[in-house]
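Me: I would like to go through this structure by asking, for each label, what value stands behind it. Please set each value against its cut-off before you conclude.

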Amino acid sequence: MSAVYYTLLDELRADPVEPLPMKDRINTVGKMGDSLKALKLDPSPSVEDWRRLSDMVNMVHTLVDMGEMVDAQALLNDACEAMVKAADRHKADLTLRFDGPGVQSMSALFEDFSLAVSVLPARTMIRCHRLTVKRLQAIRKGQVKTAGRRVEI
């Protein structure tokens, strides 16, 4: 996850009704959008771009677990597969890139995440961030098993 860490106090202080402030939404979603573009078009996207999108996928997973989003089209599984394939390309010394289906699933998931960030209360998004960090820490410690393949680059 990103270098921003929220505390329980941050969560409790966050607005329970209004979305995150516009500057925070633009910062978060804007950077993720830039990273998505990079993995679609840039000649050599960075590992940081991949990690930023991994954060998005993990946060969507948490929002689904929280009941704040529904993954009716199974985009989450498709996005996870796209992330794994891109990481595999990178590990094979190829360009860190999504394939065609990966571009489609990641673009659709990005649209859903962007909408969620723009309408869900700030408190919900901060809780999502906190729960995502906790879940990822538990996975790294081996306390939680994942259904799929764990990938880090």
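Me: How do you know that the span of α6 agrees with what is expected of a helix?
Reply: In this predicted model, the end C-alpha atoms of α6 are 27 Å apart, and because its 19 residues should span 27 Å at 1.5 Å a residue, the two values agree. Just after α6, G142 takes a positive phi of about 80°.

Me: What is the reach of α3, and what is expected for it?
Reply: Helix α3, residues 47–65, has 19 residues and reaches 27 Å from its first C-alpha to its last, which is close to the 27 Å expected at 1.5 Å a residue. Just after α3, a positive phi of about 80° is found at G67.

Me: Which helices do the buried residues of α3 pack against?
Reply: They pack against α2 (22–41), α4 (75–91), α5 (100–119) and α6 (122–140). Among the buried residues of α3 are W50, L53, M56, V57, M59, V60 and L63, and the list also includes D49, D55 and N58.

Me: Why is V60 called buried?
Reply: The relative accessibility of V60 is 2%, and because buried means under 20%, V60 counts as buried. V60 is placed in helix α3, and, leaving aside residues up to four places away in sequence, it touches M69, L76, L109 and F113. From V60 to Y5 the C-alpha to C-alpha distance is 17 Å, with their positions 55 residues apart in sequence.

Me: What makes α3 and α4 roughly antiparallel?
Reply: Two packed helices are described by the angle between their axes and the distance between the axes. The axes of α3 and α4 come within 11 Å and cross at roughly 160°. Angles over 145 degrees count as roughly antiparallel, and therefore α3 is given that label with respect to α4. The crossing of α3 and α4 is left-handed. On the α3 side the contact is made by V47, W50, L53, S54, V57, V60, H61 and V64, and on the α4 side by L76, A79, C80, M83, A86, A87 and H90. The residues of this contact of α3 with α4 divide into twelve nonpolar, three polar and no charged.

Me: How do you know that α2 and α5 are roughly antiparallel?
Reply: The axes of α2 and α5 cross at roughly 175° and come within 11 Å. Because the cut-off for roughly antiparallel is an angle over 145 degrees, α2 is roughly antiparallel to α5. In this pair, R25, T28, V29, M32, G33, L36 and K40 in α2 meet V103, M106, S107, F110, F113, S114, V117 and S118 in α5. Sorted by kind, the residues of the contact of α2 with α5 are eight nonpolar, five polar and two charged.

Me: Why are α3 and α6 called roughly perpendicular?
Reply: The axes of α3 and α6 come within 9 Å and cross at roughly 110°. Angles of 65 to 115 degrees count as roughly perpendicular, and so that is the label for α3 and α6. Their contact is made by N58, M59, H61, T62 and L63 of α3 together with M125, C128, H129, L131, T132, R135 and L136 of α6. The residues of the contact of α3 with α6 divide into six nonpolar, five polar and one charged.

Me: What makes E11 buried?
Reply: E11 has a relative accessible area of 6%, and because buried means under 20%, E11 is buried. E11 is placed in helix α1, residues 8–13, and, not counting residues up to four places away in sequence, E11 touches R123, I126, R127 and R130.

Me: Why is A74 called partly exposed?
Reply: The relative accessible area of A74 is 32%, and because partly exposed lies between under 20% for buried and over 50% for exposed, A74 is partly exposed. A74 is found in the loop between α3 and α4, and A74 has a positive phi of about 55° although it is not a glycine.

Me: How do you know that D93 is exposed?
Reply: D93 has a relative accessible area of 74%, and because exposed means over 50%, D93 is exposed. D93 is in the loop between α4 and α5, and its phi is near 60°, a positive value in a residue other than glycine.

Key. Residues are numbered from 1 along each chain as its sequence is written. This is a predicted model: local features need pLDDT of at least 70, side-chain atom pairs count only at pLDDT 80 or more; totals for chains, interfaces and linings use all residues. Side-chain values use heavy atoms; hydrogens and water are left out. Helices (H or I, at least four residues) and strands (E, at least two) are DSSP runs, numbered from the N terminus. The expected span of a helix is 1.5 Å times one less than its number of residues. Buried means under 20% relative accessible area, exposed over 50%, partly exposed in between (1.4 Å probe, protein chains only). Contact means heavy atoms within 4.5 Å. Axes are lines fitted to C-alpha atoms, for helices over the stretch in contact, and angles run from 0 to 180 degrees between N-to-C directions. Angles under 35 degrees count as roughly parallel, over 145 as roughly antiparallel, 65 to 115 as roughly perpendicular and the rest as oblique. A crossing is left-handed if the near helix is turned anticlockwise from the far one by less than a right angle, and right-handed if clockwise. Ala, Val, Leu, Ile, Met, Phe, Trp, Tyr, Cys and Pro count as nonpolar, Asp, Glu, Lys and Arg as charged, and the others, Gly among them, as polar.
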